[in-house]
Amino acid sequence: LDNGLLRTPPMGWMAWERFRCDVDCKDDPKNCISENLFRDMADRLAEDGWRELGYEYVIIDDCWMSKQRDEHGRLQPDPLRFPGGIAKLARYVHDRGLKLGIYADMGTHTCMGYPGTTLDKIEIDAQTFASWGVDYLKFDGCHSNPVEQMIGYPRMSKALNATGRPIAYSCSWPVYVGGLPPNVNYSLMGEICHLWRNYYDIQDSWDSVINIVDWFSNNQDALQPAAGPGRWNDPDMLVIGNFGLSIDQARSQMALWAIMAAPLIMSNDLRTLSNDARAILQNKVAISINQDPRGMQGRRLLQEKSHIEVYWRPLSNSASALVFLSHRQDMPYLYHTSLAKLHYDPGSYEAYDVFTGRTMTGLTHTTDLKVSINPSGVVMWYIYPTKHKRFHNTW
Ligand SMILES: OC[C@@H]1[C@H](O)[C@H](O)[C@@H](O)CN1C(=S)Nc1ccc(F)cc1
């Protein structure tokens, strides 16, 4: 959606994968979906260096609502869990230089059974969110049919615009109609939404992450051209820092989300994050690849019989990113290749290893490259022609 917002993929934090629909604030006050949780996360984003790296959105997901709309027919937060109201929470978030996201559902109910936004409620819900100072809307699609979705998703886009408040618009519509053409028109998606969920929900496991990566790669011819500034495919949240990924697998998700120009929206507990997870999520070069101003989503370049896969993304200033993924090996694999084999033009290059911080100089397109990749791990390089060295930040 070309209205100046999200010219690079959104970055921030979202409650759902880590905190789900925990509404038990009596027995679980630290983890339940409440204003306290979002204030805690806003504090962490503002105090632990996240905001300066670009992580700016604090996004409320399902289960924030009261079970009834108010006497004016407006959505309202659960009064026990959000006693101060959403406008006050938005002020708290804004005071810390951050932005607030919220969740609604095109349909009779949200996926977890809270009040939905039926077609007649779209305008009043958009106005309500704008009046609260909300900056981002995740619009889910449970409990609605394809006709209601076809009417509702464009109508919400118009309604948000009509509020006069710049609100980033995330659409779950493709997920509910199979994620691929002809049921999904990605040109239309790019006109009405800033980002869209294409595929099933992510879970806290490597199986889930690699399943999503495989689906996006197998369908990249339909998906990759749909992405660009203001219009992003959304393979779902970063689950780095939770319970299911090893360090190598966490690096793999960060590297592949950078190649896919995916939103970098974490769902984890920033209050107890390990140093390893923080180092991966705060990796400046991985973030700068993800946020590259050209906004060109990358692709899977090749799959070897050894189950080594190579991903490539073109970047600004004649730079590019390469990711070597060991998909199904069970020991470190020494992969031999050359830039020529990866379709690079003749010339001399330098490569910065994103996770070790080492720079390789004096590479030509024929230099024999030997890359050791751990099982379910990656090696990621930021590559630029030596003659353009002056353009590239020295990290
Ligand atoms: O309730 C909200 C939750 C999260 O917002 C996800 O990101 C959305 O994709 C939808 N969603 C859930 S759990 N959706 C859902 C997923 C599987 C299922 F069997 C029934 C509902």
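Buried means under 20% relative accessible area, exposed means over 50%, and partly exposed lies in between. Keep these cut-offs at hand for the exercises on this predicted model.

**Exercise 1. Is Ala90 buried or exposed, and which residues does Ala90 touch?**

Solution.
Step 1. Find the place. Ala90 sits in helix α3, which covers residues 86-95.
Step 2. Read the accessibility. Ala90 has 1% relative accessibility, so Ala90 counts as buried.
Step 3. List the contacts. Leave out residues up to four places away in sequence. Ala90 then touches Leu100, Trp132 and Gly133.
Step 4. Set sequence beside space. Ala90 and Phe129 are 39 residues apart along the chain. Their C-alpha atoms are 10 Å apart.

**Exercise 2. Describe the surroundings of Asp135.**

Solution.
Step 1. Locate the residue. Asp135 lies in a loop. The loop runs between α4 (122-132) and β4 (136-140).
Step 2. Classify it. The relative accessible area of Asp135 is 9%, so Asp135 is buried.
Step 3. Look for a polar partner. The side chain of Asp135 makes a polar contact with the side chain of His94, at 2.7 Å.
Step 4. Widen the view. Set aside neighbours within four places in sequence. Asp135 is in contact with Tyr57, His94, Lys99, Leu100, Arg165, Pro166, Ile167 and Ala168.
Step 5. Link to Exercise 1. Leu100 is in the contact list of Asp135, and Leu100 also touches Ala90.

**Exercise 3. In what order do the eight strands of the open sheet stand, and which strands are at the edges?**

Solution.
Step 1. Write the order. The eight strands run β7-β6-β5-β4-β3-β2-β1-β8. The pairing is parallel.
Step 2. Find the edges. β7 (232-234) and β8 (264-266) each have a single partner strand, so one side of each is left without a neighbour in the sheet.
Step 3. Add the twist. From one strand to the next, the twist averages 25 degrees.

**Exercise 4. Which residues stand opposite each other where β2 pairs with β1 and with β3?**

Solution.
Step 1. Take β1 and β2. β1 covers residues 11-14, and β2 covers residues 57-59. They run parallel and are joined by three bridges.
Step 2. Name a facing pair. Trp13 stands opposite Val58 in β2.
Step 3. Move to β2 and β3. These strands also pair in the parallel sense, over three bridges.
Step 4. Name a facing pair here. Tyr57 stands opposite Lys99 in β3. Both Tyr57 and Lys99 are in contact with Asp135.
Step 5. Check the cover of β3. The strand spans residues 99-105. Six of its seven residues are buried, and the strand is mostly covered.

**Exercise 5. Classify both partners in three salt bridges of the model.**

Solution.
Step 1. Start with the total. The whole structure holds 24 salt bridges.
Step 2. Take Arg51 and Glu52. Their side chains meet at 2.7 Å, N to O. Arg51 is partly exposed, because its relative accessibility is 30%. Glu52 is exposed, because its relative accessible area is 53%.
Step 3. Take Arg74 and Asp70. Their closest N and O atoms are 3.1 Å apart. Arg74 has a relative accessible area of 35%, so Arg74 is partly exposed. Asp70 has 15%, so Asp70 is buried.
Step 4. Take Asp269 and Arg271. Their side chains meet at 2.9 Å, N to O. Asp269 is buried, with a relative accessible area of 6%. Arg271 is partly exposed, with a relative accessible area of 25%.
Step 5. Look for a network. Asp2, Arg7 and Arg231 are joined into one network by salt bridges that share partners.

**Exercise 6. Why does the radius of gyration of the chain agree with that of a compact globule?**

Solution.
Step 1. Count the elements. The chain has twelve helices and 16 strands.
Step 2. State the expected value. A compact globule with 395 residues would have a radius of gyration near 21 Å.
Step 3. Compare. The chain has 21 Å, so the two agree.
Step 4. Add the span. The C-alpha trace reaches about 70 × 45 × 40 Å along its principal axes.
Step 5. Check burial. Buried residues make up 58% of the 395 residues.
Step 6. Check contacts. Take contacts with a separation of 6 or more. Residues 24 or more positions apart account for 71% of them.

Methods: Residues numbered from 1 in each chain as written. Predicted model: local features only at pLDDT ≥ 70, side-chain atom pairs only at ≥ 80, totals over all residues. Heavy atoms only, no water. Helix = DSSP H or I, 4+ residues; strand = E, 2+ residues; numbered from the N terminus. Buried < 20%, exposed > 50% of the residue type's maximum accessible area, 1.4 Å probe, protein only. Polar contact = N/O pair within 3.5 Å; in protein donor to acceptor, adjacent residues only side chain to side chain. Contact = heavy atoms within 4.5 Å. Pairing = 2+ DSSP bridges. Axes fitted to C-alpha atoms, helices over the stretch in contact; angles between N-to-C directions. Salt bridge = Lys/Arg side-chain N within 4 Å of Asp/Glu carboxyl O. Rg over C-alpha atoms; globule rule 2.2 N^0.38 Å.
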